[in-house]
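Me: I've got a structure open and I'd like to learn how to read it. Can we go through some features one by one?

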Amino acid sequence: MQKKVISCVLIEDYCRFLYQNELSAGTIKKYNYYLNLFKEYLRGSAVTKEMVILWKEELRKSLSPVTANGALAALNGFFRHCGWDECTARYIKVKQRVFCPKQRELSREDYTRLVAAARKEGNERLCLLLQTVCATGIRISELNYITVSAVERQVAEVDCKGKVRTIYLTDGLCRLLWEYAREKGIKSGMIFITRSGRPMDRSNIWREMKKTAIKAGVNLDKVFPHNLRHLFARVYYSQEQDLVRLADILGHSSVNTTRIYTMESGENHIRQLEKMDLLVGRYNRIPLLL
């Protein structure tokens with residue numbers, strides 16, 4: 001029986017397969033990373049179900065269940081592509097959470113402080129970028145579609161993960177974007193670019209956000225680009241209570257994904273329980289104070 005050995009050639013072949021099947025560049029990059037990580041873990045050994053299970057246990061020690069399942073998805077897809085179906089592993093069962101951890105929830109107040117701190121520091125680009133993501137719910141990777149032309153039309157056509165969706169830009173946001181572009185001499189193309197004219201990437205933005213968070217006194221655990229999209233989702237859902245429409249706006253294929261975005265910490269839930277006022281009478285002759 002031929003040994004199953006992961007090679008760079010096999011990984012490259014699988015990545016080409018993913019590209020031909022129109023998976024996003026981000027997904028292909030992530031899968032390539034985890035496959036090479038598993039290859040290093042094997043240290044030249046053959047792939048066996050036992051080795052996969054051992055690696056799965058290592059992942060559980062250092063990663064969240066959701067992230068670990070992402071790594072397993074990379075392996076399982078690769079194994080099926082190679083015809084090694086017997087090596088696939090079961091995903092880690094994840095119980096759906098009703099509330100998100102308070103220390104990870106970016107509040108409207110946190111967001112306002114970040115924007116104010118960026119403005120005070122003279123970082124106009126970050127100040128406007130934060131507002132653009134939070135006012136539209138777009139992904140950081142979709143900022144390239146915020147162009148001078150999109151501002152003129154007040155509409156951005158976003159092509160992500162093989163799906164094209166329309167993002168509407170409000171009058172107020174368009175005025176801010178237009179003024180910024182005029183001040184920076186940006187007459188066409190992308191608005192959010194580096195000094196060299198290249199598009200900003202996630203690492204640029206994350207670094208600037210962390211620096212600004214320190215100035216704003218906002219918990220660093222709350223400050224990462226994707227959390228702005230979560231804030232948009234929570235605010236929109238609190239006003240409209242329309243999960244299906246929100247899924248369309250965010251570009252989600254499943255409302256189950258959207259439901260994760262609308263999770264809040266338990267504080268609001270506690271306030272709602274207190275408003276219900278369902279405690280009656282006394283406990284050990286001590287009046288209940290609500």
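Me: Let's start with one side chain. Leaving aside its neighbours within four places in sequence, which residues is Trp-178 in contact with?

Reply: One thing before that: this is a predicted model. As for Trp-178, its contacts beyond four places in sequence are Val-148, Val-151 and Glu-152. Trp-178 itself is part of helix α8, which covers residues 171-183.

Me: Is Trp-178 buried, exposed or partly exposed?

Reply: Partly exposed, because its relative accessibility is 40% and that class runs from 20% to 50%. Another thing you can check on screen is the C-alpha distance from Trp-178 to Ile-191: 9.1 Å, for two residues 13 apart along the chain.

Me: Let me zoom out. How many helices and strands are there in the chain?

Reply: You'll find 13 helices and four strands. The chain has 290 residues, and 40% of them count as buried. It exposes about 18100 Å², with carbon and sulfur atoms supplying 52% of that area. For contacts between residues at least 6 apart in sequence, 59% join residues at least 24 apart.

Me: Now the rings. How do I describe an aromatic pair, and how many does a search of the whole structure find?

Reply: Two values do the job: the distance of the ring centres and the angle of the planes. The search comes up with 12 aromatic pairs here. Take Phe-38 and Phe-79: the centres are 6.4 Å apart and the planes meet at 70°, so this pair is edge-to-face. Phe-38 sits in helix α2 (residues 25-42) and Phe-79 in helix α4 (residues 65-82), so the pair ties together parts 41 residues apart in sequence.

Me: And which ring does Phe-79 form a tilted pair with?

Reply: With Trp-84, at 6.2 Å centre to centre and 35° between the planes. Phe-79 has a relative accessible area of 0%, so it is buried. Phe-38 is also at 0% and buried, while Trp-84 is buried at 11%. These three belong to one aromatic cluster, whose members also include Tyr-14, Phe-17, Tyr-41, Trp-55 and Phe-78.

Me: What should I look for in a nonpolar core, and which residues touch the most other members of the largest one?

Reply: The general idea is that nonpolar side chains in soluble globular proteins tend to be buried together. The largest core here has 42 residues, and Leu-143 and Ile-146 touch the most other members. Several elements each supply at least two residues, among them α5 (108-120), α7 (148-153), β1 (155-160) and α9 (202-216). Helix α6 gives the most, with seven residues.

Me: Which residues does Ile-146 touch, not counting those up to four places away in sequence?

Reply: Go looking for Thr-132, Ile-138, Ala-156, Leu-169, Leu-177, Met-190, Ile-191 and Phe-192. Apart from this core lies another one, of 27 residues, which includes Ile-28, Ala-74, Phe-79 and Trp-84. You've met Phe-79 and Trp-84 already, as a tilted pair.

Me: How do I read a single helix, say α10?

Reply: A useful idea for any α-helix is that it has 3.6 residues a turn, so residues three or four places apart point the same way. Helix α10 covers residues 225-240, which makes 16 residues. From first C-alpha to last it reaches 24 Å, close to the 22 Å expected at 1.5 Å a residue. Its buried residues include Leu-228, Leu-231, Phe-232 and Tyr-236. Just after α10, Gln-241 takes a positive phi of about 55°.

Me: Is Glu-208 buried or exposed?

Reply: Buried, because its relative accessibility is 18% and the cut-off is under 20%. Glu-208 is in helix α9. Beyond four places in sequence, it is in contact with Asn-123, Arg-125, Leu-126 and Met-200.

Me: Last one, the cysteines. How many disulfides does the count come to?

Reply: Zero, going by a cut-off of 2.5 Å between sulfur atoms. Cys-87 is in no disulfide, and the nearest cysteine sulfur, from Cys-82, is 9.7 Å away. Cys-87 is buried, at 2% relative accessibility. Cys-127 is buried too, with a relative accessible area of 7%.

Key
Residues are numbered from 1 along each chain as its sequence is written. This is a predicted model: local features need pLDDT of at least 70, side-chain atom pairs count only at pLDDT 80 or more; totals for chains, interfaces and linings use all residues. Side-chain values use heavy atoms; hydrogens and water are left out. Buried means under 20% relative accessible area, exposed over 50%, partly exposed in between (1.4 Å probe, protein chains only). Contact means heavy atoms within 4.5 Å. Rings of Phe, Tyr and Trp (its six-membered ring) pair if their centres lie within 6.5 Å; planes under 30 degrees apart count as stacked, over 60 as edge-to-face and the rest as tilted. The expected span of a helix is 1.5 Å times one less than its number of residues. A nonpolar core is a set of buried Ala, Val, Leu, Ile, Met, Phe, Trp, Tyr and Cys residues joined through side-chain atoms within 4.5 Å. Accessible areas come from the Shrake-Rupley method with a 1.4 Å probe; for residues, only the protein chains shown count as cover.
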